[in-house]
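I set out to record, entry by entry, what I looked up in this structure. The entries follow the order in which I consulted it.

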Amino acid sequence: MATAFTFPGQGSQAVGMGKALAENFAPARAVFTEVDEALNQKLSQLMWQGPEADLTLTENAQAALMAVSMAVVRVLEAEHGITVANSAKFVAGHSLGEYSALAAAGTFSLADAARLLKIRGLAMQAATPVGTGAMAALLGLDFATASAVAAEAAQGDVCQAANDNSDGQVVVSGHRAAVERALDIAKSKGAKRAMLLPVSAPFHCALMQPAAEAMAEALAAVKMNDPVVPLIANVTAAPLTD
């Protein structure tokens, strides 16, 4: 059976995350210190003490989740000899988790991954002011039905099926008013549940085009190594080896 290391995306953050790791393991403390220094920000303090509203901001949540992911990787290496290179056939991550996966596989340094995610978070937030965009999970609908729900909800705004997470879970993204309309429409189409996600911007939709352009420029300026194991890409669900 193949083993993969998978890493979470935004919405997984919570005040206190990583604190126990830092208190108990020196390699984890070193990760948080390096990320704080790379960003010139006490991100670890925000992660452990809040406030939650600040941690949820895209510019903070993305680097914070990557830091915790890498702290876990470093503790597994130090305490149990479990490494990506010797234990995993693939790495993968949900949205920003792809950056965590690539850092774990050696493509990005920890400091570069933190800085890239800070740029990414700021660019994504700048693309849509706080409060004007939203994302929602629609449970119990297939992708085609969720896409039809999003199209019906748009009504001149942006609303798109953004994440095809599984056969019964699709995330829609776009202008807040349109996404809120999608909640009611989805329920009328048979969704078992439809709920807003705890994110501060509408990711993976047309509103993020300015952020895509900013990241293309940032990535062009960063050294990237070949990953020690292939990455399973979000878009294709297929391995990328370079």
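**Entry 1: Leu76**

I began with the contacts of Leu76. Leaving aside residues up to four places away in sequence, I found that Leu76 touches Gly81 and Ile82. I note at once that the model is a predicted one. Leu76 has its place in helix H5, which covers residues 58-80. Is Leu76 buried or exposed, or does it fall in between? Its relative accessibility is 27%, so I entered Leu76 as partly exposed; the class between buried and exposed runs from 20% to 50%. I also looked up its separation from Pro27, which lies 49 residues away along the chain. The C-alpha atoms of Leu76 and Pro27 are 9.4 Å apart.

**Entry 2: the sheet with mixed pairing**

I then turned to an open sheet of four strands, whose order is E1-E2-E7-E8 and whose pairing is mixed. Which strands stand at its edges? They are E1 (4-7) and E8 (239-240); each has a single partner strand, so one side of each is left without a neighbour in the sheet.

I went through the pairs in turn. E1 and E2 are parallel and share four bridges, and Phe5 stands opposite Val91 in E2. E2 and E7 also run parallel, joined by two bridges. Here Val91 has Leu231 in E7 as its bridge partner. Strand E7 (residues 231-232) and E8 run antiparallel, again with two bridges. In that pair I found Ile232 opposite Pro239 of E8.

I added a general remark for the margin: side chains in a regular strand alternate between the two faces of the sheet.

Which helix lies across this sheet? I found helix H7 (residues 97-104) lying across E1, E2 (90-93) and E7, at about 150° to E2.

**Entry 3: the antiparallel sheet**

A further open sheet has four strands in the order E4-E5-E3-E6, and its pairing is antiparallel. Its edge strands are E4 (159-166) and E6 (193-196), each of which pairs on one side only. On average, neighbouring strands of this sheet are turned by 20° against each other, direction ignored.

I examined one pair in detail. E4 and E5 (residues 169-175) are antiparallel and are joined by six bridges. Within this pair, Ala161 stands opposite Val172 in E5.

I recorded two helices against these strands. Helix H9 (residues 143-154) lies across E3 (133-139), E4 and E5, and runs at about 160° to E4. Helix H10 (residues 176-188) lies across E3, E4, E5 and E6, and runs at about 145° to E5.

**Entry 4: helices H11 and H8**

Does the length of H11 fit its number of residues, and what span should I expect? Helix H11 (residues 209-220) has twelve residues, which at 1.5 Å a residue should span 16 Å. The expected span takes one less than the number of residues. The end C-alpha atoms of H11 are 17 Å apart, and this agrees.

I next listed the buried residues of H11, which are Ala211, Met215 and Ala218. Seen down the axis of H11, these buried residues fall within an arc of 60°, so they line one face of the helix. They pack against H7 and helix H8 (110-127). On the face turned away from the buried side, I found the exposed residues Glu213, Ala216, Glu217 and Ala220.

I applied the length check to H8 as well. Its 18 residues should span 26 Å at 1.5 Å a residue, and its end C-alpha atoms are 26 Å apart, which agrees. Of the 18 residues of H8, 13 are buried, so H8 is largely enclosed by the rest of the structure.

**Entry 5: the cysteines**

My last search was for disulfides. A disulfide is a covalent bond between the sulfur atoms of two cysteines. How many disulfides does the count give? It comes to zero.

Why is Cys159 not bonded to Cys205? The closest cysteine sulfur to that of Cys159 is in Cys205, 8.5 Å away, which is too far for a bond; the rule asks for sulfur atoms within 2.5 Å. Cys159 counts as buried, at 8% relative accessibility. Cys205 is buried too, with a relative accessible area of 9%.

Definitions and conventions:
Residues are numbered from 1 along each chain as its sequence is written. This is a predicted model: local features need pLDDT of at least 70, side-chain atom pairs count only at pLDDT 80 or more; totals for chains, interfaces and linings use all residues. Side-chain values use heavy atoms; hydrogens and water are left out. Two strands pair if DSSP finds at least two bridges between them. Contact means heavy atoms within 4.5 Å. Axes are lines fitted to C-alpha atoms, for helices over the stretch in contact, and angles run from 0 to 180 degrees between N-to-C directions. Buried means under 20% relative accessible area, exposed over 50%, partly exposed in between (1.4 Å probe, protein chains only). The arc is that of the directions from the helix axis to the C-beta atoms.
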